[in-house]
Amino acid sequence: MIRYAALLAAAASLAAAARADDFQGAQTPSHNIYCLASPADDVTPTVELRCDIQHMDNKWPPAPKSCPLSWGDAFVLDPTGPGRLQCHGDTTENLSAPVMAYGTQWKPYAFVCTSQAAGLTCVNAEGHGFSLSRTAQKVF
């Protein structure tokens, strides 16, 4: 029985490691925006893209009462529907993530992110998404 439990634990650990390897991350050359695309799994049934912006000249309206954590700097996109802000207690910041050079596209899963000197725009197949820069952020 102990061997069976150890085998199950090892299998679960390997499955979790494989899923972690499926996450794709990137950052802008200014190191102001960090993105992470996560695969579908048992918790999240669809892929998801989240980008966090570190420094902004403007501030979003106050967080809704339902958000006791950080608000206004994390933007999320699903394969369908518009981009949105996310209440969060973590970050996508990863200093070792690959850099999206200006003028290039990063295409994780069902999304396309375009890096420009003026900022980053990410869209799904429906054309919904978000645009992020130090001076302005927009969801559409």
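Two strands are taken as paired where DSSP finds at least two bridges between them, and in this predicted model that criterion is met by strand 6 and strand 7, within which threonine 104 has serine 115 of strand 7 as its bridge partner.

The protein chain as a whole contains one helix and 10 strands, and the order of these elements from the N terminus is α-β-β-β-β-β-β-β-β-β-β, with the helix preceding the strands. Of the 140 residues in the protein chain, 33% are buried. Among the contacts with a separation of 6 or more, 48% are made by residues 24 or more positions apart. The accessible surface of the protein chain amounts to about 8100 Å², and carbon and sulfur atoms contribute 59% of that surface.

Strands of a sheet pair through backbone hydrogen bonds, in either a parallel or an antiparallel manner. An open sheet of five strands is present in the model, with the order 1-2-3-4-5 and antiparallel pairing. Strand 1 and strand 5 (84-85) occupy the edges of this sheet and have a single partner strand each, so one side of each is left without a neighbour in the sheet. At one of these edges, strand 1 (residues 24-27) is paired with strand 2 in the antiparallel sense over four bridges, and glycine 25 has leucine 36 of strand 2 as its bridge partner. Five residues lie between the strands in the hairpin of strand 1 and strand 2, where histidine 31 adopts a positive phi near 60°. At the other edge, strand 4 (residues 74-77) and strand 5 are paired in the antiparallel sense over two bridges, and the bridge partner of valine 76 in strand 5 is arginine 84.

Further along the chain, strand 6 (residues 104-106) and strand 7 run antiparallel and are joined by three bridges. The hairpin of strand 6 and strand 7 also has five residues between the strands, and tyrosine 109 in this hairpin takes a positive phi near 50°. Strand 7 is in turn joined to strand 8 (residues 119-123) by five bridges, again in an antiparallel arrangement, and the hairpin that connects strand 7 to strand 8 passes through two residues. Serine 115, the bridge partner of threonine 104, also stands opposite leucine 120 in strand 8. In a regular strand the side chains alternate between the two faces of the sheet. In strand 7 (residues 112-116), Cys113 and Ser115 form a covered face, whereas Val112, Thr114 and Gln116 form an uncovered one.

The largest pocket of the model encloses about 180 Å³ of space, and its lining is made up of Phe23, Leu36, Ser38, Glu48, Leu49, Arg50, Gln86, Cys87, His88, Asp90, Thr91 and Thr92. Strand 2 (33-38) and strand 3 (48-53) are the elements that give two or more residues to this lining, and strand 3 gives the most, with three residues. When the lining residues are grouped by class, four are nonpolar, five are polar and three are charged. Leu36 thus links two parts of this description, as the residue lines the largest pocket and is also the bridge partner of glycine 25.

Note on methods. Residues are numbered from 1 along each chain as its sequence is written. This is a predicted model: local features need pLDDT of at least 70, side-chain atom pairs count only at pLDDT 80 or more; totals for chains, interfaces and linings use all residues. Side-chain values use heavy atoms; hydrogens and water are left out. On a 1 Å grid over the protein atoms alone, a cavity is a set of points where a 1.4 Å probe fits but cannot get out, and a pocket is an open set with protein on both sides within 12 Å along at least five of seven lines; lining residues have an atom within 4 Å of a point. Grid points are joined across faces, edges and corners, and a volume is the space filled by probe spheres set on the points. Ala, Val, Leu, Ile, Met, Phe, Trp, Tyr, Cys and Pro count as nonpolar, Asp, Glu, Lys and Arg as charged, and the others, Gly among them, as polar. Buried means under 20% relative accessible area, exposed over 50%, partly exposed in between (1.4 Å probe, protein chains only). Contact means heavy atoms within 4.5 Å. Accessible areas come from the Shrake-Rupley method with a 1.4 Å probe; for residues, only the protein chains shown count as cover.
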